[in-house]
Amino acid sequence: MKMRKADIDSNSAIAVRDPGAELKRNLDERFKFARHLETPIWIYDVDLKKIVFANQTACRLWQAVDETELYSRDLGIGMSTTVSQRLKQYQSDFVEKGAKFREAWTLYPEGQPISTMVNYSGVRLYDSRMAMQCEVVGETVSVPENVRSTEALLHTDVMISLYENDGAPIYMNPAARKKINSTDQRLKEKFVDQIDFSRLQTNLNSSGEHRMISKMITDSGTRWHDISVKSCLDSVTGKPALLVTEIDVSELKNARDKARYLADSDQLTGCFNRLYLQQHMSMLANIQSERCALLCFDVDRFKQINDCFGHEVGDTVLKEIASRVRNATRRNDVVVRLGGDEFVVVFDDIQDDRVFAETAERLLEIISEPILHDKTRISASVSIGVTIFNPRKADFTELMREADVALYVSKNEGRNRVTFFNEKMGADAKARDAIELELKDSVLNSEFEIYYQPRLDLKVGKALSAEALVRWNHPKRGIVSPAEFIPICEETGLIEELGRMIVKKACDQAIKWRQEGIDLDISVNISPRQFDDPLLMGLLEDISQKTDFPSKRIELEITESALIGSHEVIEEKLKIIAKMGFRIAIDDFGTGYSNLSYISNFPLDCLKIDQSFIAQLPASGPIVGLILTLAGQIGASVVAEGVEDADQLVWLIENGCDQIQGYMVSRPIPAEEFEKLIVSDSYSISKFFDQ
């Protein structure tokens, strides 16, 4: 018979309006055998959270008037999240594995708790959805302690499992069941690191229990679990078993790891920091290797990179160098940033000194490759110092000193090189340390005096000025050359206090000579570190306010490298100094890579040509001539340093140089001796040609 569309629509509407009737007919037919059984049996619809079939015994257990009243109950009301998730997990296991379970559950008919043991299995409904068949087995559990422990086991977030001695699963509470990938997953299969599992077995065999934090495989990926395992007996079979409790501590572990990382790491580069280095060095004594290496390096002229390009570029350089070093070293080698531009690398196993020397040289080459920041190309080299040591006999402080000594040698020998520490370096360093200690006392005791080297004016033909140069009058050694102690003062910071002393003494001498009628200009060196000394400006201000201060007769020689940085700040500082009445000269001009466009804005009175150019005359004539032209353009005079012979003198006269200074004219001499020679007019240009 052909049905009309209206009939089809009508029948469909009936089905939609009363799906429960079809479900009831289907279940009544399938489970009619259970109607009169004494065992409580019911079918629970996991999705709707309702009972959709129950025999008479089940109705009595649920304290229902009849089936209809029981079916109308919404069991989702008051159901905890834990129970809901547990039932959903059952449903999934029924679908995927045809699983069956036996567990103690507490039911709440009419709000009254009844604990009982139930067998659970899956059953398909007429619409193919998976429901749960529940069958009570055994007697109802009524002892309060048992009821409460069962409830606690069900609702706790602690994962509790029971395994056979060979690792096969016996029981899992809901929290444990929720975390596993498979109901038949063995204990060993849960461990990410099988070394952890081996350690667990070893301790179980020796003491019967073990606790650890290990990375575990779960349904949500790898997680960190705090695991406690104890040997026991299965209460059902009496066979040996393993009771396992697990707590997910991933968030705590990650937080602690992050805190440890922050405590042990340098935030800019991601390298380890000094604190971690000290801890690592103390642990090296436990390794098998008998030869390790500590490599120390810093970036050559890093201050100039910061001053020329800015600190953002400087940070890029440090991060890129750190990255290159980590990529070029082995996994077990430790890369540390001590601070600033100082780094250390610890190599924990040196098999061959020659091969390691090649490794250090290769590292130097890798670091020195150009670095790009946006479109800026920066060339940054490093100087490296290395010390080889036995980890079981080494002292961290001494190792750092040795590596630092070797680094110092690399710097002194021209930078961008690797130097290995040896005993001679150690002896030299100890002598240098002794000088440093003596210097501190000498500064306090004012054991320094000023010598003066005349500057000969080529146009007038006699000495009209002199440079003030410090000498150390050592109580035992006599006069010590500045080449021996000035670098140490620069490194230790003593140069600031010593520099202030020199400026004050030289200016006092200039005032004294003026009072005595000696017409002479004085120039005083200001090192880059002195130029940054916050006390310098106050000292100059005090000097300029003194009676008989010879305005524009005292010249401050500022090293060209000190003028690299914020040109606006430097320009303002120089203008303030000039306004006080001091002249300003650039010392060692031509070696500091100054930006000529900025130099023209500085209030400069003099350019001193570095002696390295004078020594190469006439080959260096084009460079010297360029400096003379530049000086003429900005209205500054020119002094040639290090003039040693008549040929140099003739070239400088012919090319219009203003003044010369060097051993050809005179060595530096004490103030009293210099005073006599100036008064007697002994420094005359004619005597050089008379010779």
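Here is a short walk through a predicted model, taking in one helix, one sheet and one cavity.

Let's start with helix 5, which covers residues 81–97. How far apart should its ends be? At 1.5 Å a residue, its 17 residues should span 24 Å, and the end C-alpha atoms do sit 24 Å apart, so the expected and modelled spans agree. If you click along this helix, you'll come across its buried residues: Val83, Ser84, Arg86, Leu87, Tyr90, Gln91, Asp93 and Phe94. Keep going past the end of helix 5 and you reach Gly98, which has a positive phi, near 60°.

Next, have a look at the sheet. It's an open one, built from 5 strands in the order 12-13-11-16-17, with mixed pairing. Strand 12 (334–339) and strand 17 (418–420) are the edge strands, each pairing on one side only. Going from one strand to the next, the twist averages 20°. Zoom in on the side where strand 17 meets strand 16 (residues 382–389): these two pair in the parallel sense, over 3 bridges. For a landmark there, find Val386, which stands opposite Phe420 in strand 17.

Last stop, the inside of the protein. How many cavities of 30 Å³ or more are there? The count comes to 1, and the largest cavity holds about 30 Å³ of space. To find it, pick out the residues that line it: Met159, Lys179, Ile180, Gln185, Lys190, Ile217, Thr218, His225 and Glu246. Sorted by class, that lining has 3 nonpolar, 3 polar and 3 charged residues.

Terms used
Residues are numbered from 1 along each chain as its sequence is written. This is a predicted model: local features need pLDDT of at least 70, side-chain atom pairs count only at pLDDT 80 or more; totals for chains, interfaces and linings use all residues. Side-chain values use heavy atoms; hydrogens and water are left out. On a 1 Å grid over the protein atoms alone, a cavity is a set of points where a 1.4 Å probe fits but cannot get out, and a pocket is an open set with protein on both sides within 12 Å along at least five of seven lines; lining residues have an atom within 4 Å of a point. Grid points are joined across faces, edges and corners, and a volume is the space filled by probe spheres set on the points. Ala, Val, Leu, Ile, Met, Phe, Trp, Tyr, Cys and Pro count as nonpolar, Asp, Glu, Lys and Arg as charged, and the others, Gly among them, as polar. Helices (H or I, at least four residues) and strands (E, at least two) are DSSP runs, numbered from the N terminus. The expected span of a helix is 1.5 Å times one less than its number of residues. Buried means under 20% relative accessible area, exposed over 50%, partly exposed in between (1.4 Å probe, protein chains only). Two strands pair if DSSP finds at least two bridges between them. Axes are lines fitted to C-alpha atoms, for helices over the stretch in contact, and angles run from 0 to 180 degrees between N-to-C directions.
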